[in-house]
Amino acid sequence: MKHRFVLFCIVAALGIAADAQQERARAMADVHVMTLDPGHFHAALVQKEMYAGVDPRVDVFAPLGNDLYEHLKRIDGFNRRADRPTTWDEEVHASSDYFERMLREHPGNLVVISGRNRGKIDRVLASVRSGLHVLADKPWILGSDDLPKLEASLAEADQRGVVAYDIMTERFEITSILQRELVNDPAVFGEMTRGTEAEPAVYMESVHNLMKVVAGAPNIRPPWFFDIGEQGEGFNDIGTHLVDLVQWTLFPEQPIDYRADVRVLSAQRWPTWIPEADFRRVTNEPRFPEGLAASVKDGRLEYYCNTLVSYALRGVHAKLSVIWDWEAPPGSGDTHFAFYRGTRARIEVRQTKADRYQPELYVIPANAASGAEVRAAVQAKLQSLQSQYAGVAVEQRGGELHVVIPDTYRLGHEAHFAQVTTGFLGYLRDRRTLPAWERPNMLAKYYVTTKGTELSRESPAHAAPRLAPK
């Protein structure tokens, strides 16, 4: 009854009669959003900003419960903030048959899906078959046996003229954008090395934290988040971003055929152990739920969320490590370490204490003799980017080159959701602008994440070394 009453209060606050400006926005809107079972905070981050031509009314279809409550709290927070408050008007349709009801009532033309991952592809496919555009958070699938459903969803979207798109925020991180530019400049990078499984040409290490602050408040995770059958493992989830970045960086705007271009070579996994007291803190639940009992040992949850996967993409060896820690050190947060090795230089993104845990981009010449030439090439490349990224520059730091990035381009992870959504809305309004390579590359991405996860389960658990500098 408590949740039911609080939900009523939040919905009442969100549903206050719209003013004249909001009514005009509704009249001009061509996009009407529906949110489906928002069990993950990414669903709310899509609505952290307003968008031209998007109806401020959003229809939310979900079961009554804490996931819905937390989602509405976040939207209410965006509406009440002092700086650029939003004006979303949430219309809640809470019922046990929420999905069937959404398909039947169809009040919008776009559905946002971010929550439980088991069965997500079935909801995507059914939505597309109903003629809906879909903006869905990763991961869409957890196992390789669902690849045919993913392929069917994308084919159905093509046939019906709608857009089914997943939220790849890391393409909008400025260090990843500039890393891609430098990797694809032969004067800076040279040729891509192929590497080996032991010494890869591409390495990424992504560390996330289970206890964190989102939109200014502690992020309370639902208990099902810790059920790997429901949420997936680390490489199922965060691995989608890493695999996407490798393809996007090495072969920009080129289609990848996972049947011919990809070989998954090896994988390993290991757990993060969560004591019951920490579980209570991150979920607000009094104890471990019965559904997790098989994974509880000596009062701690054995949570398999860490994975290391080695694979080859068109002969280039990549090694990707996904790690979930409990909580970040003071002043830090989630961190990303990534390098690409070329014949002239290594292009590296890292987050260290020396850089105040801010992502920074470095160019390390392959040898000291070519240092001056590589620096001149980096300067020339950055100069060519001034119309897009005014103020980016290079400075010498010992034997390395540091790319200086103005703060105006450092928007942060939460802001990237609005950037993804803005691009998606452009595709929705003119489907011809959706790049043809997105479809095959999405299949390739999920082939690697599912096969890598499955391969990791075939060996005894053992932790991989961390290579990221501190």
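Helices (H or I, at least four residues) and strands (E, at least two) are DSSP runs, numbered from the N terminus. This is a predicted model, in which local features need pLDDT of at least 70, side-chain atom pairs count only at pLDDT 80 or more, and totals for chains, interfaces and linings use all residues. Residues are numbered from 1 along each chain as its sequence is written, and side-chain values use heavy atoms, with hydrogens and water left out.

## Enclosed space

Rolling a probe the size of a water molecule over the atoms shows where empty space is left. On a 1 Å grid over the protein atoms alone, a cavity is a set of points where a 1.4 Å probe fits but cannot get out, and a pocket is an open set with protein on both sides within 12 Å along at least five of seven lines; lining residues have an atom within 4 Å of a point. Grid points are joined across faces, edges and corners, and a volume is the space filled by probe spheres set on the points.

Five cavities of 30 Å³ or more are present in the structure, and the largest cavity holds about 80 Å³. Its lining consists of Val 33, Val 46, Gln 47, Tyr 51, Val 54, Trp 88, Leu 110, Val 112, Leu 135, Thr 421 and Leu 425. At least two lining residues come from each of β4 (110–113) and α16 (413–429). Residue classes are set as follows: Ala, Val, Leu, Ile, Met, Phe, Trp, Tyr, Cys and Pro are nonpolar, Asp, Glu, Lys and Arg are charged, and the others, Gly among them, are polar. On this scheme the cavity lining has nine nonpolar, two polar and no charged residues.

The largest pocket contains about 1100 Å³ of space. It is lined by 44 residues, of which Lys 212, Gly 333, Asp 334, Thr 335 and His 413 are the closest to its centre. Elements that each supply at least two residues to this lining include α8 (174–183), β8, α12 (239–250), β14 (335–341) and α16. The most is given by β7, with four residues. By class, the pocket lining has 15 nonpolar, 18 polar and 11 charged residues.

## Helix α16 and Thr 421

What span is expected for the 17 residues of α16? The expected span of a helix is 1.5 Å times one less than its number of residues. For α16 this gives 24 Å, and the end C-alpha atoms are 25 Å apart, which agrees.

Relative accessible area sorts residues into buried (under 20%), exposed (over 50%) and partly exposed (in between), with a 1.4 Å probe and protein chains only. The buried residues of α16 are Glu 414, His 416, Phe 417, Ala 418, Val 420, Thr 421, Phe 424, Leu 425, Tyr 427 and Leu 428. An α-helix has 3.6 residues a turn, so residues three or four places apart point the same way. Among the elements that cover the buried residues of α16 by contact (heavy atoms within 4.5 Å) are α3 (42–45), β4, β5 (133–136), β6 (164–166) and β8 (213–214).

Thr 421 belongs to helix α16 and also lines the largest cavity. Thr 421 counts as buried because its relative accessibility is 5%. Its side chain reaches the backbone oxygen of Phe 417 at 2.8 Å. Leaving aside residues up to four places away in sequence, Thr 421 touches Val 46, Tyr 51 and Leu 135; these three residues are also part of the cavity lining.

## Leu 250 and Ala 393

Leu 250 lies in helix α12, and Ala 393 is in strand β17 (residues 393–397). With residues up to four places away in sequence excluded, Leu 250 touches Asn 184, Met 192, Val 202, Leu 313, Val 316 and Tyr 340. Under that exclusion, Ala 393 touches Leu 382, His 402, Val 403 and Val 404. The C-alpha atoms of Leu 250 and Ile 220 are 36 Å apart, with their positions 30 residues apart in sequence.

## Backbone geometry and accessibility

Most residues other than glycine have a negative phi, and most peptide bonds are trans. The peptide bond from Lys 138 to Pro 139 is cis, with omega near -10°; Pro 139 is in the loop between β5 and α7 (147–160). His 106, in the loop between α5 (98–105) and β4, has a positive phi of about 55°. Arg 314, in the loop between β12 (300–313) and β13, has a positive phi near 50°.

| Residue | Relative accessibility | Class |
|---|---|---|
| Leu 250 | 11% | Leu 250: buried |
| His 106 | 31% | His 106: partly exposed |
| Arg 314 | 28% | Arg 314: partly exposed |
| Ala 393 | 32% | Ala 393: partly exposed |

How values were computed:
Polar contact = N/O pair within 3.5 Å; in protein donor to acceptor, adjacent residues only side chain to side chain.
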